[in-house]
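Got your viewer open? Let's take a walk through this protein, one selection at a time.

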Amino acid sequence: MGMNGGNMQKMMKQMQKMQKDMERMQAEIAQRTVEASAGGGAVTVTASGNQEIQAVKINPDAVDLDDIEMLEDMVLAATNEALKKAQEMMTQELGKLTGGLNIPGLF
């Protein structure tokens, strides 16, 4: 029975280490950025690894006052793509840490 308790303690230490490693990695990923563009580069959106929009750049040639709706669509498309890339980056990096384990509620 004492051996079983030792295994549990060892497992708890491993889980605590993994949690600290994950927190450190999440902080590192939050400092990284990804970019996505739409309309052949007419709109470029930069997002951080923690899925916050950092910048939106619009090429002045993309601004057509007679077709604002197209510009809005390009901004929306670039933003969604940047957020998707940020999520994929987080999933990929944390996957390296967890060895592909699917831990519910992780991200």
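One definition before we set off: a residue is buried when its relative accessible area is under 20%, exposed when it is over 50%, and partly exposed in between. Keep in mind that what you're looking at is a predicted model.

**Stop 1: the whole chain**

Start with everything shown as a cartoon. You should find two helices and three strands, and if you trace the chain along the sequence, the pattern reads α-β-β-β-α. The protein has 107 residues, of which 25% count as buried. Switch on the surface if you like: the protein exposes about 7,600 Å², and carbon and sulfur atoms supply 53% of that.

**Stop 2: charged pairs along helix α1**

Opposite charges on side chains can pair when the charged atoms come close. Using a cut-off of 4 Å between a side-chain nitrogen of Lys or Arg and a carboxyl oxygen of Asp or Glu, the count comes to four salt bridges.

Select Arg24 and Asp21. They form a salt bridge, with the closest N and O atoms 3.6 Å apart. Both sit in helix α1 (residues 2-31), three residues apart, which is about one turn of the helix. Is Asp21 buried or exposed? Asp21 has a relative accessible area of 16%, so it is buried. Arg24, at 45%, is partly exposed.

Now add Glu28 to your selection. Glu28 forms a salt bridge with Arg24 too, and here the closest N and O atoms are 3.3 Å apart. Glu28 and Arg24 are four residues apart in helix α1, again about one turn. With a relative accessible area of 39%, Glu28 falls between the 20% and 50% cut-offs, so it is partly exposed.

**Stop 3: a link across the sequence**

Next, pick Glu93 and Arg32. This pair forms a salt bridge as well, its closest N and O atoms being 3.7 Å apart. Why is this pair worth a look? Glu93 lies in helix α2 (residues 68-98) and Arg32 in the loop between α1 and β1 (33-38), so the pair ties together parts that are 61 residues apart in sequence. Glu93 is buried, at 11% relative accessible area, while Arg32 is partly exposed, at 34%.

Before leaving the charges, select Lys17, Asp21, Arg24 and Glu28 together: salt bridges that share partners join these four into one network.

**Stop 4: the nonpolar core**

Time to look inside. The largest nonpolar core has 19 residues, and Val43 and Met74 touch the most other members. The elements giving two or more residues to this core are α1, β1, β2 (43-48) and α2. Which element gives the most? That's α2, with eight residues.

Zoom in on Val43. Setting aside neighbours within four places in sequence, its contacts include Ala36, Ile58, Leu71, Met74 and Ala78.

**Stop 5: a nonpolar patch outside**

Finish on the surface. Select Ile53, Val56, Ile58, Val63, Leu65 and Ile68, which form a nonpolar patch with about 510 Å² of accessible area together. Strand β3 (residues 53-58) gives the most to this patch, with three residues. Click on Ile58, found in strand β3: at 37% relative accessibility, Ile58 counts as partly exposed. You've met Ile58 already, as one of the contacts of Val43.

Definitions and conventions:
Residues numbered from 1 in each chain as written. Predicted model: local features only at pLDDT ≥ 70, side-chain atom pairs only at ≥ 80, totals over all residues. Heavy atoms only, no water. Buried < 20%, exposed > 50% of the residue type's maximum accessible area, 1.4 Å probe, protein only. Core = buried A, V, L, I, M, F, W, Y, C linked by side-chain atoms within 4.5 Å. Contact = heavy atoms within 4.5 Å. Areas by Shrake-Rupley, 256 points an atom, 1.4 Å probe, with all protein chains shown as cover. Patch = residues over 30% accessible without salt bridge, like charges linked within 9 Å, V, L, I, M, F, W, Y side chains within 5 Å.
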